[in-house]
Each structure stands twice: as structure tokens, then as C-alpha cells.
Amino acid sequence: PGLPNNLRCQVTITLLPSGQVIDVRVIQSSGLPAFDDSVRTAVLKASPLPLPADPKAFDRTLKPIFTPEMLQ
């Protein structure tokens, strides 16, 4: 609460084929270290991530962008 809505943090998430998160790295900081840390922590706590229904669609590396609204 109280964070600017224009914050954006992009991370690289590395997954095992099971969906387990093995690494999360900030590649574009929001400029607010506490927010970036929250993003990293949230991704790690969400492990394992859901897998696509089609195994051919699995991508070992994801690069999502997170905003404050997504972490509420």
C-alpha cells in the first residue's frame, strides 16, 4: 500500500521442467529496492509455478514485468 502505481520490475525466472523456480534475477529495477525484493520473494514463494497444458510450450526462462497491483 502507498507505492506509486508506475513502479515496474522485470525479472528473469529460471525453472526446472517441474515448474520449480531455481533462480530469480532482477533485470530491470523499479528503482525501489524494497519493491524489487518483494517481487523476488513473491516469485520464490509461488514455486512451483503452474506449467502449460502443452509440454511443448514450456519455457525454462521467463521474463515477466511486475507492478505493485500484481503483488496485492
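1. How many bridges join S1 to strand S4, and do the two run parallel or antiparallel? Two bridges join S1 to S4 (residues 65-66), and the strands run antiparallel. Pairing here requires at least two DSSP bridges between two strands. One point of register: glutamine 10 stands opposite isoleucine 65 in S4.

2. Ground rules. This is a predicted model, in which local features need pLDDT of at least 70 and side-chain atom pairs count only at pLDDT 80 or more, while totals for chains, interfaces and linings use all residues. Residues are numbered from 1 along each chain as its sequence is written, and side-chain values use heavy atoms, with hydrogens and water left out.

3. Overall layout. The protein has one helix and four strands. Their order from the N terminus is β-β-α-β-β. Elements are DSSP runs, numbered from the N terminus: helices are H or I with at least four residues, strands are E with at least two. The C-alpha atoms fill a box of roughly 40 × 20 × 20 Å along the principal axes.

4. Surface and burial. The accessible surface comes to about 4,800 Å², and 56% of that belongs to carbon and sulfur atoms. Areas come from the Shrake-Rupley method with a 1.4 Å probe; for residues, only the protein chains shown count as cover. Of the 72 residues, 28% are buried. Buried means under 20% relative accessible area, exposed means over 50%, and partly exposed lies in between (1.4 Å probe, protein chains only).

5. Contacts. Among contacts with a separation of 6 or more, 63% involve residues 24 or more positions apart. A contact is a pair with heavy atoms within 4.5 Å.

6. S1 is the strand to inspect next. Seven of its seven residues are buried, so S1 is largely enclosed by the rest of the structure. Both faces are covered. Cys9, Val11, Ile13 and Leu15 are buried on one side; Gln10, Thr12 and Thr14 are buried on the other.

7. S1 has further partners. Six bridges join S1 to S2 (residues 21-28), again antiparallel. The two strands form a hairpin with five residues between them. Glycine 19, in that turn, has a positive phi of about 95 degrees. S3 (residues 61-62) is joined to S1 by two bridges and also runs antiparallel to S1. There, threonine 14 stands opposite threonine 61.

8. Threonine 12 gives a local view of S1. Threonine 12 lies in S1 (residues 9-15). Its relative accessible area is 14%, so threonine 12 counts as buried. Its bridge partner in S2 is arginine 25. Leaving aside neighbours within four places in sequence, threonine 12 contacts Asp23, Val24, Arg25, Ile27, Thr61, Leu62 and Lys63.

9. The largest nonpolar core has twelve residues: Leu7, Cys9, Val11, Ile13, Leu15, Val21, Val24, Phe35, Val39, Val43, Leu49 and Phe66. S1, S2 and H1 each supply at least two of them. S1 gives the most, with four residues. By definition, such a core is a set of buried Ala, Val, Leu, Ile, Met, Phe, Trp, Tyr and Cys residues joined through side-chain atoms within 4.5 Å.

10. Valine 21 is a core member. Not counting residues up to four places away in sequence, valine 21 touches Ile13, Thr14, Leu15, Val43, Leu44, Ser47 and Leu49.

11. Helix H1 has 13 residues and reaches 18 Å from its first C-alpha to its last. That is close to the 18 Å expected at 1.5 Å a residue. The expected span is 1.5 Å times one less than the number of residues.

12. H1 has two faces worth checking. Phe35, Asp36, Val39 and Val43 are buried. Seen down the axis, the buried residues fall within an arc of 105 degrees, so they line one face of the helix. The arc is that of the directions from the helix axis to the C-beta atoms. These buried residues pack against S1, S2 and S4. The face turned away carries the exposed residues Pro33, Ala34 and Lys45.

13. Two prolines deserve a look. Proline 33 is found in H1. Proline 33 counts as exposed, at 56% relative accessibility. Its C-alpha is separated by 9.9 Å from that of cysteine 9, 24 residues apart along the chain. Proline 48 lies in the loop between H1 (33-45) and S3. A cis peptide bond joins serine 47 to proline 48, with omega about 0 degrees.
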